[in-house]
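Colleague: I would like to go through the empty spaces, the ligand site and the ring pairs of this entry. Please show it first.

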Amino acid sequence: MSEKATLTWGNGRAAEFPVLKGSVGPDVIDIRTLYSETGMFTYDPGYTSTGSTKSAITYIDGDQGILLYRGYPIEELAVQCDFLEVAYLIKHGELPNQAQYDDWVMRVKRHTMVHEQLARFFQGFRRDAHPMASLVGVVGALSAFYHDSLDINDPEHRVIAAIRLIAKLPTIVAMAYKYNMGQPFMYPRNELSYTANFMHMMFATPCEKYEPNPVLVRALDRILILHADHEQNASTSTVRLAGSSGANPFACIAAGIACLWGPAHGGANEAALAMLERIGDVSKIPDFIARVKDKNSGVKLMGFGHRVYKHYDPRAKLMRETCYEVLAELGLANDRLFKLAMALEKIALEDDYFVSRKLYPNVDFYSGIVQRALGIPTNLFTGIFALARTVGWIAQWNEMISDPEQKIGRPRQLYTGATRRDVVPMGKRA
Ligand code: CMC
């Protein structure tokens, strides 16, 4: 017999709810009939105890520090696969064989260019526009150009929209950067790998030959792999919620980008680097830590803590390794901010404030240092994150559309406002 959870309340009233079991991880109580059976809703701001969907894409065990894409540990994928291989896995559920991989890479590469008119969108932005502001607008605008992939009920349209998004995001992110720099946009070079092509569109100019450094390409590829998906985080939930109304995939991904921009989510690597710059020197760490512990200061140790990981973020370990490799390759082994980050990490990991709250470094603690070494400006970090996460967003969106249990997302509330009252004419109001 299937397991049930019993809720009792009031004067001996009780209702039973089915307990659902996943393939791994905590069971969930299926409360879909809660309101009809009890007349009550649940209250869970921030959804800390609420499962919004079934999903077979990513699994996280925050206590153990485990992250699996489609069952494969991130540590194996990051070392053995490239980003497009991982993207195929996340989207299709299985790793590709050679023929499937070649076909997938070819299909993605055929879509790397954007409509010429889309390039003109950028002229409408100020030169100093934050790249995330441009990305929200330009990615949303894709829906004005690709009408042949907007029918969310047509599986072929969904495939083309997914490929377009994965293929065009590097082009659009690089355009946002070039526009800020006042340099010409570079067309994609499809003979290069996905990540090498992105570096070409970022760093090449029409004046000089540019060959991406393979060590740096590999580092950026790893950043993309580590950020490709992360279960039902804020931006992914935003994409799903936007998509639950039937909105087209380009609009939904634009919504995800908007959510990712916040400093508590994708903006954290930018904020972590800015924090290191502000601290400036190892001697200032104790003073900074004291301010973090002071609840009235509003100061947080950026790049530390995670809603789900209550142990070392497995992505942070891999990113730390990449940090060493990149700095060694570029002759920056004594990088000031990296040394500062290491000292800060050591002190925080020994401090009872952080230990007792299970606050460990997350991926963003190191990814900013790597990206800075690669020559990526700070304000583009979140754009790189968006590029990578587009794979997860579109796979999660597609999973939602294909799910027969999918409904429009519509949370309820605990109303605390005024009860019913009558409008008093203006002249009689206090
Ligand atoms: N620095 C100082 N104190 C912290 C921090 C931090 N970075 N993170 C959490 N705390 C404290 C918090 O003040 C609270 O203390 P108390 O119990 O005394 O009130 C306790 O730890 C629990 O924190 P919380 O705010 O309830 O935790 P949360 O799950 O709501 O927040 C978080 C998670 C990531 C928003 C938060 O840890 C944070 O703001 N970290 C800094 C920003 C950051 O690095 N974000 C990147 C997340 S990883 C990238 C991604 O996956 O998107």
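Colleague: Which residues line the second largest cavity?

Modeller: This is a predicted model, and that applies to every value that follows. The second largest cavity has a volume of about 30 Å³. By class, its lining divides into three nonpolar, four polar and two charged residues. The lining consists of Gly 305, His 306, Tyr 309, His 311, Asp 313, Lys 358, Tyr 360, Pro 361 and Asn 362.

Colleague: How many cavities of 30 Å³ or more does a search of the whole structure find?

Modeller: Rolling a probe the size of a water molecule over the atoms shows where empty space is left. The largest cavity holds about 80 Å³ of space. Over the whole structure, the number of cavities of 30 Å³ or more is two.

Colleague: Which elements each supply at least two residues of the lining of the largest cavity?

Modeller: The largest cavity is lined by 13 residues, and those nearest its centre are Lys 109, Thr 112, Ser 193, Tyr 194 and Asn 197. Sorted by class, the lining of the largest cavity has six nonpolar, five polar and two charged residues. The elements that each supply at least two of the lining residues are α4 (98-109), α7 and α8 (194-203).

Colleague: Which elements give two or more residues to the lining of the second largest pocket?

Modeller: The second largest pocket contains about 160 Å³ of space. Its lining includes Glu 116, Ala 119, Thr 171 and Met 175. Two or more lining residues come from each of α5 (116-121) and α7 (155-181).

Colleague: How many residues of each class are in the lining of the second largest pocket?

Modeller: Met 113, Val 114, Phe 185, Met 186 and Pro 188 are among the lining residues of this pocket, and Met, Val, Phe and Pro count as nonpolar. Glu 116 is also in the lining, and Glu counts as charged. The full division is eight nonpolar, three polar and one charged.

Colleague: What percentage of the accessible area of the ligand does the protein cover?

Modeller: Of the 20 residues around the ligand, those that come nearest are His 265, Lys 295, Lys 300, Leu 301 and Arg 307. An oxygen atom of the ligand is 2.9 Å from a side-chain N or O atom of Lys 300, while a ligand nitrogen atom lies 2.8 Å from a backbone N or O atom of Leu 301. Of the 940 Å² of accessible area that the ligand has on its own, the share covered by the protein is 74%.

Colleague: Why is the pair of Phe 121 and Phe 145 edge-to-face?

Modeller: A search of the whole structure finds 16 aromatic pairs. In this pair the ring centres are 6.0 Å apart. The planes stand at 65 degrees, and planes over 60 degrees apart count as edge-to-face. The deciding value is therefore the angle of 65 degrees.

Colleague: How many residues apart are Phe 121 and Phe 145?

Modeller: Phe 121 is in helix α5, whereas Phe 145 is in the loop between α6 (131-141) and α7. The pair links distant parts of the chain, and the separation in residues is 24.

Technical notes:
Residues are numbered from 1 along each chain as its sequence is written. This is a predicted model: local features need pLDDT of at least 70, side-chain atom pairs count only at pLDDT 80 or more; totals for chains, interfaces and linings use all residues. Side-chain values use heavy atoms; hydrogens and water are left out. A residue is near a molecule or strand if one of its heavy atoms lies within 4 Å of it. A polar contact is a pair of N or O atoms within 3.5 Å; within protein, one must be able to donate a hydrogen and the other to accept it, and residues adjacent in sequence count only if both atoms are side-chain atoms. Accessible areas come from the Shrake-Rupley method with a 1.4 Å probe; for residues, only the protein chains shown count as cover. On a 1 Å grid over the protein atoms alone, a cavity is a set of points where a 1.4 Å probe fits but cannot get out, and a pocket is an open set with protein on both sides within 12 Å along at least five of seven lines; lining residues have an atom within 4 Å of a point. Grid points are joined across faces, edges and corners, and a volume is the space filled by probe spheres set on the points. Helices (H or I, at least four residues) and strands (E, at least two) are DSSP runs, numbered from the N terminus. Rings of Phe, Tyr and Trp (its six-membered ring) pair if their centres lie within 6.5 Å; planes under 30 degrees apart count as stacked, over 60 as edge-to-face and the rest as tilted.
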